[in-house]
Amino acid sequence: QVQLVQSGGGLVQPGGSLRLSCAPSGSIFGAYTMGWYRQAPGKERDVVARIFHDGKTDYEVPVKGRFTISRDNPKNTVYLQMNSLKPEDTANYCCMMVLRISENSPLTSYWGQGTQVTVSS
């Protein structure tokens, strides 16, 4: 069973930076759309950024210009570089990937375990 394994996150002061990464735990046939989502206490989960198979990206308005999503295709890894962090960025961040596990398997969405990002002085 393939799982997405996240790393990064933690506590950072306002204005600081963090980088999150996410990769499948086992071998896969192909990786397509990748993204990062976040959920703050008492709020719904929102998409933060997505990167598509062709490399195009889109971002939630509040993070534009501060966050950068990227992918390493040979490693099937997605990154989220977060700069100029603000207290309102505090949330649990979760990665998502659309994967094809084997040549004949359907496209399926997988989710990471989530990691807490806290921005506080």
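**Exercise 1. Contacts across the chain**

What percentage of the contacts in the chain with a separation of 6 or more comes from residues 24 or more positions apart?

Solution. The model is a predicted one. Take the contacts with a separation of 6 or more; residues 24 or more positions apart account for 55% of them.

**Exercise 2. Fold content and overall dimensions**

State how many helices and strands the chain has, and say whether its radius of gyration fits a globular protein of its length.

Solution.
- Step 1: the count gives zero helices and eleven strands. Read from the N terminus, the order of elements is β-β-β-β-β-β-β-β-β-β-β.
- Step 2: the radius of gyration is 14 Å, and the globule rule gives 14 Å for 121 residues, so the chain is as compact as a globular protein of that length.
- Step 3: for the extents, the C-alpha trace spans about 50 × 25 × 25 Å along the principal axes.

**Exercise 3. Surface and charge**

Describe the burial, the exposed area and the charge distribution of the chain.

Solution.
- Step 1: of the 121 residues, 43% are buried.
- Step 2: the chain exposes about 6600 Å², and carbon and sulfur atoms supply 47% of that area.
- Step 3: there are 12 positive and 9 negative charges, and the mean positions of the two sets are 2 Å apart.

**Exercise 4. The largest nonpolar core**

Identify the residues that touch the most other members of the largest nonpolar core, and the strands that supply the core.

Solution.
- Step 1: the core has 29 residues, and W36, L80, M82 and Y93 touch the most other members.
- Step 2: two or more residues each come from β3 (18-24), β4 (30-39), β5 (46-51), β7 (67-72), β8 (77-82), β9 (91-100) and β11 (115-119). The top contributor is β9, with five residues.
- Step 3: take M82 as an example. Beyond its neighbours within four places in sequence, M82 contacts G16, S17, L18, L20, R66, F67, Y93 and V117. Y93 in that list is also among the residues that touch the most other core members.

**Exercise 5. L99 and I28**

Is L99 buried or exposed, and which residues does L99 touch beyond four places in sequence?

Solution.
- Step 1: L99 sits in strand β9. Its relative accessible area is 0%, under the 20% cut-off, so L99 is buried.
- Step 2: beyond four places in sequence, L99 touches V2, L4, P24, I28, G30, A31, P106, L107, T108 and Y110.
- Step 3: L99 and T33 are 66 residues apart along the chain, yet their C-alpha atoms are separated by 8.0 Å.
- Step 4: I28, one of the residues that L99 touches, belongs to the loop between β3 and β4. I28 has 16% relative accessibility and therefore counts as buried.
- Step 5: outside four places in sequence, I28 touches V2, N76, L99, R100 and I101. V2 thus appears in the contact lists of both L99 and I28.
- Step 6: for a longer distance, I28 and M82 are 54 residues apart in sequence and 27 Å apart in space, C-alpha to C-alpha.

**Exercise 6. E60 and Q3**

Classify E60 and Q3 by accessibility, and list their contacts beyond four places in sequence.

Solution.
- Step 1: E60 lies in the loop between β6 (57-59) and β7. At a relative accessible area of 18%, which is under 20%, E60 is buried.
- Step 2: the contacts of E60 outside its sequence neighbours are R38, D46, V47 and V48.
- Step 3: Q3 belongs to the segment before β1 (4-7). Its relative accessibility is 52%, over the 50% limit, so Q3 counts as exposed.
- Step 4: Q3 touches A23, P24 and S25 beyond four places in sequence. The C-alpha atoms of Q3 and A23 are 8.3 Å apart, with their positions 20 residues apart in sequence.

**Exercise 7. Positive phi angles**

Where in the chain do N76 and S84 lie, and what are their phi values?

Solution.
- Step 1: N76 is in the loop between β7 and β8. Its phi is near 50°, a positive value in a residue other than glycine.
- Step 2: S84 is in the loop between β8 and β9. S84 is not a glycine either, and its phi is positive at about 50°.
- Step 3: the relative accessible area of S84 is 39%, which lies between 20% and 50%, so S84 is partly exposed.
- Step 4: N76 also appeared in Exercise 5, among the residues that I28 touches.

Definitions and conventions: Residues numbered from 1 in each chain as written. Predicted model: local features only at pLDDT ≥ 70, side-chain atom pairs only at ≥ 80, totals over all residues. Heavy atoms only, no water. Helix = DSSP H or I, 4+ residues; strand = E, 2+ residues; numbered from the N terminus. Rg over C-alpha atoms; globule rule 2.2 N^0.38 Å. Buried < 20%, exposed > 50% of the residue type's maximum accessible area, 1.4 Å probe, protein only. Contact = heavy atoms within 4.5 Å. Areas by Shrake-Rupley, 256 points an atom, 1.4 Å probe, with all protein chains shown as cover. Lys, Arg positive; Asp, Glu negative; His and termini not counted. Charge placed at Lys NZ, Arg CZ, Asp CG, Glu CD. Core = buried A, V, L, I, M, F, W, Y, C linked by side-chain atoms within 4.5 Å.
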